[in-house]
Amino acid sequence: NFSNERIVKNSFLIHACGDNIRKILKEIPSIGDTDIKQIIFDRPKILMQSSDALKTIINHIKKFDIEESSIERCVEVLTLGPDTVYTRLAELSQIKDFQVHFSHPRFLRLIHYQNKVKQRLEYLKSLKIRCYSIHLLSASAEQFEKFTYDGMDKTKGMDTLELLSHMFKIDSIEIRSQLKLHPNWLQAPLIEIKNTFDYLRNRNFTNEDIYENIIILLYPIPRLQSKLNELIEWKEENDENRKISDVEVRTLSNSKLISLCLYFIEIEYHFTGDGIFEVQKLEKHQDPVITISE
């Protein structure tokens, strides 16, 4: 369905191998939910790749637990060499700042623009900007410059919702309804959210315990660590005289422990939500004394 005009605009197609084109159509009939013919029509340069190279790239992407449907959001990745795709995936998988984006449908944009993305990340770090999105890292130069000029260390929340929806297997609309109760949720860095989640899971809290108190994920580990440790220690004492508001600590569920931890964090900041910001920025504050009855 290429018109003569479209072929002229993509004159390199004249050099494509007819047999290879037929092989691509036969062996890769679709990618995700999209017909390969539509993908080729949108990105004719793909036809300069061999069928085997395209299949290898798709397999590399799957090996890193990235959905094949993600290719539909960045078909340009199919124009890279298979070895290049694998090397870039392997490299980004070792960098924490990028690990949190692996489940994002547009993650492959980071692969396609990897050199630019890495330079931008380092620049944002030099500006002490910690909230960034896949869109920002791969955006046009004009959009990126506008963001850094404005100096707003916050996101639109889409990457946060994608990450949490993937982790909890819950619709992002429901997650947004919970997060928006916190006034500063758009200013919580994605990497801190993932670190706090991993910390709580390592402390034997279940996904259900965490989701019931999902706001806790907006807080960096140093903000909650001492308070949560103390609450856990009190529960493990199994002392019927150890009480909070006349409730025996030993009877509290893990979900309630997280709720209390969240309460003791925010009471320190008068429930403004400011407790989510970097610890060093708010180090003048001291942990409040938790009052208990014995």
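In which helix is the place of Tyr263? In this predicted model, Tyr263 belongs to helix 16, which comprises residues 254-268. Its relative accessibility is 39%, a value that lies between the limits of 20% for buried and 50% for exposed residues; Tyr263 is therefore classed as partly exposed. Together with Ile267 and Phe271, Tyr263 forms a nonpolar patch on the surface. The accessible area of these three residues together amounts to about 290 Å².

The open spaces of the structure were examined next. The largest pocket encloses about 700 Å³, and its lining consists of 25 residues. Those nearest the centre of this pocket are Ser133, His135, Leu136, Thr155 and Lys156. Three helices each contribute at least two residues to the lining of the largest pocket, namely helix 9 (134-138), helix 10 (141-150) and helix 11 (158-168). By class, this lining contains 9 nonpolar, 9 charged and 7 polar residues.

For the second largest pocket, a volume of about 530 Å³ was computed. This pocket is lined by 21 residues, and its centre is approached most closely by Asp65, Phe102, Ser103, His104 and His166. Helix 6 (96-99), helix 11 and helix 13 (190-202) each provide at least two residues of the lining. Helix 13 accounts for the largest share, with 4 residues. The lining of the second largest pocket is divided into 8 nonpolar, 7 polar and 6 charged residues. Helix 11 thus appears in the description of both pockets, with at least two residues in the lining of the largest pocket and at least two in that of the second largest pocket.

Enclosed space was also considered. Across the whole structure, 3 cavities of 30 Å³ or more were found. The largest cavity has a volume of about 40 Å³. Its lining is formed by Cys131, Tyr132, Thr155, Asp159, Thr160, Ala188, Pro189 and Leu190. Of these residues, 5 are nonpolar, 2 are polar and 1 is charged. Thr155 lines the largest cavity and is also one of the residues nearest the centre of the largest pocket. Leu190, another residue of the cavity lining, lies within the range of helix 13 (190-202), whereas Asp159 and Thr160 of the cavity lining lie within that of helix 11 (158-168).

Notes: Residues numbered from 1 in each chain as written. Predicted model: local features only at pLDDT ≥ 70, side-chain atom pairs only at ≥ 80, totals over all residues. Heavy atoms only, no water. 1 Å grid on protein atoms, 1.4 Å probe; cavity = no way out; pocket = protein on both sides within 12 Å on 5 of 7 lines; lining within 4 Å. Points joined across faces, edges and corners; volume = space filled by probe spheres on them. Nonpolar A, V, L, I, M, F, W, Y, C, P; charged D, E, K, R; others polar. Patch = residues over 30% accessible without salt bridge, like charges linked within 9 Å, V, L, I, M, F, W, Y side chains within 5 Å. Areas by Shrake-Rupley, 256 points an atom, 1.4 Å probe, with all protein chains shown as cover. Salt bridge = Lys/Arg side-chain N within 4 Å of Asp/Glu carboxyl O. Buried < 20%, exposed > 50% of the residue type's maximum accessible area, 1.4 Å probe, protein only.
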